[in-house]
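Hi,

Here is the model I promised to pass on. Have a look at it first, and then read my notes underneath.

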Amino acid sequence: MSQITLGIIGGGQLGSMLAIAAKKLNIETIIFCDDAEAPAQNFCNKFIFGDYNNKEKISEFLNLVSIVTYEFENIPFETLNEINKLKPVLPKPSVNRLIQHRLAEKDFVNNLNIRTTRYVSIEKKSDIEALEDFLPGILKTTTLGYDGKGQHPIKSIEDLSSLNLDFSKGYILEKLVKLKKEISIIITRFNNHKYEIYEPIENTHEDQILKHSKIPAEIGEKIFNQSKEWATLIAEELKYVGTLCVEFFIDRNDNLYVNEIAPRVHNSGHLTINAYNISQFENHVRAVCGLEQVSLKKLSNAKMINLIGNQISNYRNSIKLNDNEFFFDYLKKEIKEKRKMGHITTLV
Ligand code: ADP
Ligand code: MG
């Protein structure tokens, strides 16, 4: 087989970890990113800086790669679709278009007879009346949200009307789930209907940003199996190739809901780097590059803590780590509040 060069769009920490995994498999990576300081340039073979609609830069990138993948879902569909005419894009652009849009994503999941939280589309001012059924709720922009950005908790209709919404954007109001727990499933689907699936990961958020992840999740057998079944069904329906994450809510009555789908490697799966024989990143590279599928083996239980904003500083000043602790610095130049700067995984 000729040498594969993997193109990755997006140069954040996920791009970095994909590049590190590819290197281990002797696959060269070219990263294309619209941030000149993107941390992944420290780990890839070549880094191309340019806007995601810069045709010249995109063609420079495409000339160098054999396959294209991406580390975040908010790349314009048109861009991915154009690229796909020249070099294969995996996961395919139509998957990305569906999942970029919270309403389309939730409709898709419900059509599979999988439970989501109740939701309603808000497109104009008059839609705000008579929404009591969905309160208390969370108002979200239908596109471009991440780490809780673009979200507002809503207790009453007055909260909604006083928000001064910009109706050039679409919104979705979701009923608040009384959360007992959140879990996620990371699954890698290979081209031939085959899967590698990681065990459910239990996640804790602070200010809507992931803070802790751990395996095993403290859940019963029913939820353990149902979450894996639902994630598999979603991956199969999408004819997905690569690593996918499904985020779930569990309510106080032990009902399981799909919260959202991430068509990419995911923060909650960072612990797979140390806790499994093959990480979510390596599996993604294996699947999109058509390499051999290797059965997953769990090596250890684990927990991961995200280092957000200033929390990285202590660790950068070389705190002593134990043998079972693994510290990752994303090498972001600027420390910003609420910005994911690094993480620590502990094998337990
Ligand atoms: P993002 O795209 O920012 O990850 P999410 O929809 O996953 O957005 O929301 C982030 C977090 O906010 C969730 O993991 C959960 O903790 C909380 N949250 C979001 N929607 C709801 C909801 N409908 N009910 C309860 N908690 C929610
Ligand atoms: Mg989320």
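One definition before the notes: a polar contact here is a pair of N or O atoms within 3.5 Å, where, within protein, one atom must be able to donate a hydrogen and the other to accept it. Please also keep in mind that this is a predicted model.

With that in hand, start at His-266. Its side chain makes a polar contact with the side chain of Glu-247, at 2.9 Å. His-266 sits in the loop between β14 and α8 (272-275). Is His-266 buried or exposed? Its relative accessibility is 8%, so His-266 counts as buried, the cut-off for that being under 20%.

Glu-247 leads straight to the metal. The magnesium ion (ligand 2) has as its protein donors Glu-247 (OE), Glu-247 (OE) and Glu-260 (OE), which lie 2.0 to 2.8 Å from the ion. So Glu-247 is listed twice there, and Glu-260 once. The two residues tie together distant parts of the chain: Glu-247 belongs to strand β13 (residues 242-251) and Glu-260 to strand β14 (residues 256-262), 13 residues apart. Because its relative accessibility is 13%, Glu-247 counts as buried. Glu-260, with a relative accessible area of 22%, is partly exposed.

Next, ligand 1. Which residues come nearest to ligand 1? Of the 20 around it, they are Lys-140, Gly-148, Glu-182, Asn-259 and Glu-260. Glu-260 therefore turns up both in this group and among the magnesium donors, while being partly exposed at 22%. Here are the atom pairs I noted for ligand 1:

- Lys-140: an N or O atom in its side chain is 2.5 Å from an oxygen atom of ligand 1.
- Arg-102: a polar side-chain atom lies 3.0 Å from an oxygen atom of ligand 1.
- Lys-175: here it is a polar backbone atom, 3.0 Å from a nitrogen atom of ligand 1.

Another polar contact worth opening up is that of Lys-340, whose side chain pairs with the side chain of Asn-267 at 3.0 Å. Lys-340 is placed in strand β17 (residues 340-347). With a relative accessible area of 12%, Lys-340 is buried.

Then there is helix α9 (residues 280-288). Nine of its nine residues are buried, so the helix is largely enclosed by the rest of the structure. The list of buried residues in α9 runs Gln-280, Phe-281, Glu-282, Asn-283, His-284, Val-285, Arg-286, Ala-287 and Val-288. After α9 comes Gly-290, with a positive phi near 65°.

I also looked at the second largest pocket, which holds about 230 Å³ of space. Its lining is made up of Tyr-52, Asn-53, Lys-55, Ile-58, Ser-59, Leu-62, Glu-78, Thr-79, Glu-82, Ile-83 and Leu-86. By class, that lining has five nonpolar, three polar and three charged residues. Both α2 (55-64) and α3 (77-86) supply at least two lining residues. Which element gives the most to the lining? That is α3, with five residues.

Finally, some backbone details to check as you scroll through. A cis peptide bond joins Leu-90 and Pro-91, with omega at about -10°, and Pro-91 lies in the loop between α3 and α4 (93-100). Another cis peptide bond joins Ile-215 and Pro-216, with omega at about -5°. Pro-216 is in the loop between β12 (209-215) and α7 (221-237).

As for positive phi outside glycine, Asp-207 has a value of about 50°. Asp-207 is in the loop between β11 (201-206) and β12, and it is exposed, with a relative accessible area of 57%. Leu-331 is another such residue, with phi near 60°. Leu-331 is found in the loop between β16 (325-329) and β17, and at 37% relative accessibility it counts as partly exposed.

That's it from me.

Cheers

Technical notes. Residues numbered from 1 in each chain as written. Chains lettered and ligands numbered in written order. Predicted model: local features only at pLDDT ≥ 70, side-chain atom pairs only at ≥ 80, totals over all residues. Heavy atoms only, no water. 1 Å grid on protein atoms, 1.4 Å probe; cavity = no way out; pocket = protein on both sides within 12 Å on 5 of 7 lines; lining within 4 Å. Points joined across faces, edges and corners; volume = space filled by probe spheres on them. Helix = DSSP H or I, 4+ residues; strand = E, 2+ residues; numbered from the N terminus. Nonpolar A, V, L, I, M, F, W, Y, C, P; charged D, E, K, R; others polar. Donors = N, O, S within 2.8 Å, 3.2 Å for Na, K, Ca; no water. Buried < 20%, exposed > 50% of the residue type's maximum accessible area, 1.4 Å probe, protein only. Near = heavy atom within 4 Å.
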